[in-house]
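Here are a few short exercises to work through with the model open beside you. Try each task before you read its solution.

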Amino acid sequence: MEIYFDNSATTKCSQGVMELMQKAFLADYGNPSSLHQKGMEAEHYIRKARGRIAKTLKVQEKELIFTSGGTEADNLAVLGAAMANRRSGMHLITTRIEHPAVAAPMHFLEEQGFEVTWLDVDRQGRISLEQLKESVRSDTILVSVMYVNNEIGTLEPVEEAARIVKEKHPGALFHTDAVQAYGKYQIYPGRMGIDLMTVSGHKIHGPKGVGFLYKKEKTKLAPIVFGGGHQGGMRSGTENVPGIAGLGQAAMEAYEDFSQKQEHLMMLRNHFLQGLEGVTWAHVNGSLNQEEAVCHIVSVSFDNVRSEVLLHALEERGIYVSAGSACSSNKPAVSETLKSIGLGQEHLKSTLRFSFSVYNTLEEVEICIRALKELVPVLARYTRH
Amino acid sequence: MFQAFLIKYGEIGVKGKNRHLFEDALMQQIKYALKPVEGEFKISKEQGRVYVEALSEFDYEEAVESLKRVFGIVGICPAVLLEDQGFDKLCQDVISYLDACYPDKHKTFKVHARRARKDYPMESMEINARLGEKILDAFPDMKVDVHEPEILLNIEIRQKINLYSQVIPGPGGMPVGTSGKGTLLLSGGIDSPVAGYMIAKRGVKIDAVYFHAPPYTSERAKQKVVDLARLVARYSGPICLKVVNFTDIQLYIYEKCPHEELTIIMRRYMMKIAEHFAKETKSMGLITGESIGQVASQTMQSLAATNEVCTMPVYRPLIGFDKQEIIDVSERIGTYETSILPYEDCCTIFVAKHPVTKPNLNIIRRSEQKLSEKIQDMVKTAIETAETIVVEASQEEV
């Protein structure tokens with residue numbers, strides 16, 4: 001038996017995605033830049049993917065830049081915006097709970113002489129719109145606020161944030177990392193004042209190694225990858241045709257039967273939260289309020305149990321979850337997000353993330369809860385003193 | 001350009017009547033080391049020499065790297081093999097050899113000819129003199145120095161003529177398999193792979209035991225140990241690794257015994273289990289990476305306490321090494337980077353804040369009495385359920 005509750009780390013590829021990609025790999029393998037028929041066919045896959053994604057966002061097809069994934073799209077947004085707009089100012093704003101794909105290029109820019117304001121978050125992980133408003137200045141060129149936090153699932157007030165930024169300083173660009181939000185919310189960046197938005201393929205049952213940056217028309221952005229001038233010069237390199245095709249398919253599927261899927265995920269989450277009430281020493285991080293938390297992520301701290309140990313104990317029963325955030329390539333570093341929401345020292349190393357997908361079932365949630373009820377008290381007995 | 005290697009071996013040359021055993025073991029180890037290298041090789045011995053001759057095109061760099069890991073080799077001499085087509089042709093070949101090997105001609109040299117084939121029409125001294133002259137004519141910048149030449153040009157007249165002037169240092173030691181077998185307690189740390197390497201260097205074949213404590217240690221920690229064994233196997237040859245599930249024993253000790261004694265008691269049981277496997281596989285001793293005073297469990301008192309449960313000799317090749325010295329070796333043999341990957345092993349996970357540093361054997365024994373109810377069965381189960389992995393130096397794809 002395998003129960004996969006690590007869907008924020010990555011998801012299973014859908015059958016439809018796999019079939020389309022296989023066709024792009026084996027039959028229509030041309031280079032979209034080639035002038036001949038084979039090239040045309042490959043280009044067609046990309047056009048189709050553009051169309052499908054654009055439809056979900058209600059944006060123009062040309063406003064999408066395909067990248068090698070979420071990390072590259074975030075880097076392109078942050079570094080590209082800074083490079084293209086530095087004559088208008090050297091000030092950027094972001095939050096303390098961003099994914100490293102945003103935080104690290106921000107730190108790099110700090111080293112290069114830019115100034116970055118890091119917004120605090122409350123216990124639930126939400127930024128303060130007041131603090132944001134105070135932070136925006138006439139030399140602010142970019143504000144980056146993630147849509148949904150990947151570790152605790154908190155939904156940030158992105159629309160309000162974008163409005164505040166635009167009111168105070170219309171010249172500042174607004175970016176959001178929507179890697180954990182796309183496919184879970186109806187997002188219309190054009191209407192929400194979002195200039196740049198990051199999406200990744202493998203979080204929505206698409207392939208790894210592909211993602212995109214939405215870039216609102218006329219937004220000033222400099223490329224970070226140079227070469228043959230593909231994608232209007234914004235991202236050189238032969239397009240990952242099978243990946244992009246798969247991403248397009250996954251995007252389309254994500255918004256098919258959208259409300260049923262939402263309900264299903266919400267039901268799983270609610271059952272899980274209810275079940276946790278019966279697990280000794282379990283504390284849920286982030287917001288319990290449905291309006292403020294994404295439907296597929298639950299972060300839980302367990303008193304007296306090291307997260308790694310509980311993770312492996314669950315693994316022995318075929319249940320796969322994450323300790324903190326899985327994206328930090330096996331480094332047991334303390335999570336910035338968990339620190340920022342004021343988690344105590346004892347909980348920083350005892351937090352697990354459970355993340356669901358539409359493929360999960362209520363039965364799986366119940367099995368997991370039963371396992372936690374058994375394991376947590378036993379493991380807590382053997383803790384390091 | 002080189003088609004062969006002449007292998008120099010030091011220590012094993014003086015082993016009297018056992019010499020052929022040493023040479024055979026050396027040849028076998030060379031064969032193993034060259035297995036993953038692109039190319040076909042013939043390994044032979046002739047008049048107190050071991051030759052590695054390439055029978056096909058081969059990757060020179062890879063071959064040298066592999067030979068540098070074979071214990072017993074003191075020097076690796078890349079050689080050119082020439083057909084005997086008269087002295088004039090030999091001179092030409094020698095000159096083009098020197099030209100290719102030494103772009104900078106401001107060097108001193110000496111020709112050192114030897115005739116294994118006495119029907120060659122010139123004597124060694126005559127070859128030296130006449131060849132020297134030709135070289136001086138060809139490269140006016142070169143000078144002769146018969147005492148300390150920078151280039152010692154060896155010319156050996158055998159079936160073919162062997163030409164070599166470079167000696168690449170080998171690792172020394174003795175060929176693995178000439179000194180019996182030992183069982184290494186391998187953790188995921190820096191020290192134990194180095195200890196294995198050091199003992200293998202003395203010709204000892206190695207088996208290993210790893211103690212795994214799921215869910216307290218992860219599958220990745222185990223993979224790391226397999227990876228480390230693989231790196232050591234590049235020197236020692238294949239390693240038979242036993243993976244022992246130690247969780248129940250560890251938890252039982254944790255429950256019954258004082259926490260500050262946990263590490264010592266745990267290590268005593270590890271030694272017992274390791275010794276069981278050692279006996280089973282006819283090892284002649286245990287090998288650990290301990291060094292006096294490095295941590296609480298490696299003080300003289302603690303070592304005595306863990307040693308007490310063993311009937312076999314316990315070899316501790318790092319006993320007098322400082323941590324930095326151990327790190328230096330591990331960097332040189334290529335295990336360091338893997339060793340420092342951050343997965344917990346079972347030694348660190350339950351460590352008490354203040355473990356005993358001077359355990360009293362009587363007290364330890366008394367604590368162990370509290371385990372008497374179940375521990376025998378647990379040890380038995382741990383031994384019976386141990387997983388065996390044969391770790392080869394090169395990873396075959398399955």
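**Exercise 1. Work out how helix 8 (residues 262-280) and helix 14 (residues 375-384) of chain B pack.**

Solution. Start with the geometry: in this predicted model, the axes of helix 8 and helix 14 of chain B lie 11 Å apart and make an angle of about 50°. Axes here are lines fitted to C-alpha atoms, for helices over the stretch in contact, with angles from 0 to 180 degrees between N-to-C directions. Helices (H or I, at least four residues) and strands (E, at least two) are DSSP runs, numbered from the N terminus.

Next, classify the angle. Helix 8 of chain B is therefore oblique to helix 14 of chain B; angles under 35 degrees count as roughly parallel, over 145 as roughly antiparallel, 65 to 115 as roughly perpendicular and the rest as oblique.

Then list the contacts (C-beta atoms, placed from the backbone, within 7 Å). Helix 8 of chain B contributes B:Tyr269, B:Lys272, B:Ile273 and B:His276, while B:Val379, B:Ala382 and B:Ile383 come from helix 14 of chain B. By class, five of these residues are nonpolar, one is polar and one is charged. Ala, Val, Leu, Ile, Met, Phe, Trp, Tyr, Cys and Pro count as nonpolar, Asp, Glu, Lys and Arg as charged, and the others, Gly among them, as polar.

A note on the model: local features need pLDDT of at least 70, side-chain atom pairs count only at pLDDT 80 or more, and totals for chains, interfaces and linings use all residues. Residues are numbered from 1 along each chain as its sequence is written, and chains are lettered from A and ligands numbered from 1 in the order in which they are written.

**Exercise 2. Find the edges of the six-strand sheet in chain B.**

Solution. Write down the strand order first: 14-13-10-11-12-15, an open sheet with mixed pairing. Strands pair if DSSP finds at least two bridges between them. The edges are strand 14 (314-315) and strand 15 (387-391) of chain B, each pairing on one side only.

Now look at one edge. Strand 14 of chain B runs parallel to strand 13 (residues 286-287) of chain B, joined by two bridges, and B:Leu286 stands opposite B:Val314.

Finally, add the helices. Helix 8 of chain B lies across strands 10, 11, 12 and 13 of chain B, at about 150° to strand 10. Helix 5 (residues 191-201) of chain B lies across strands 10, 11, 13 and 14 of chain B, at about 170° to strand 10.

Conventions:
Two residues are in contact if their C-beta atoms, placed from the backbone, lie within 7 Å.
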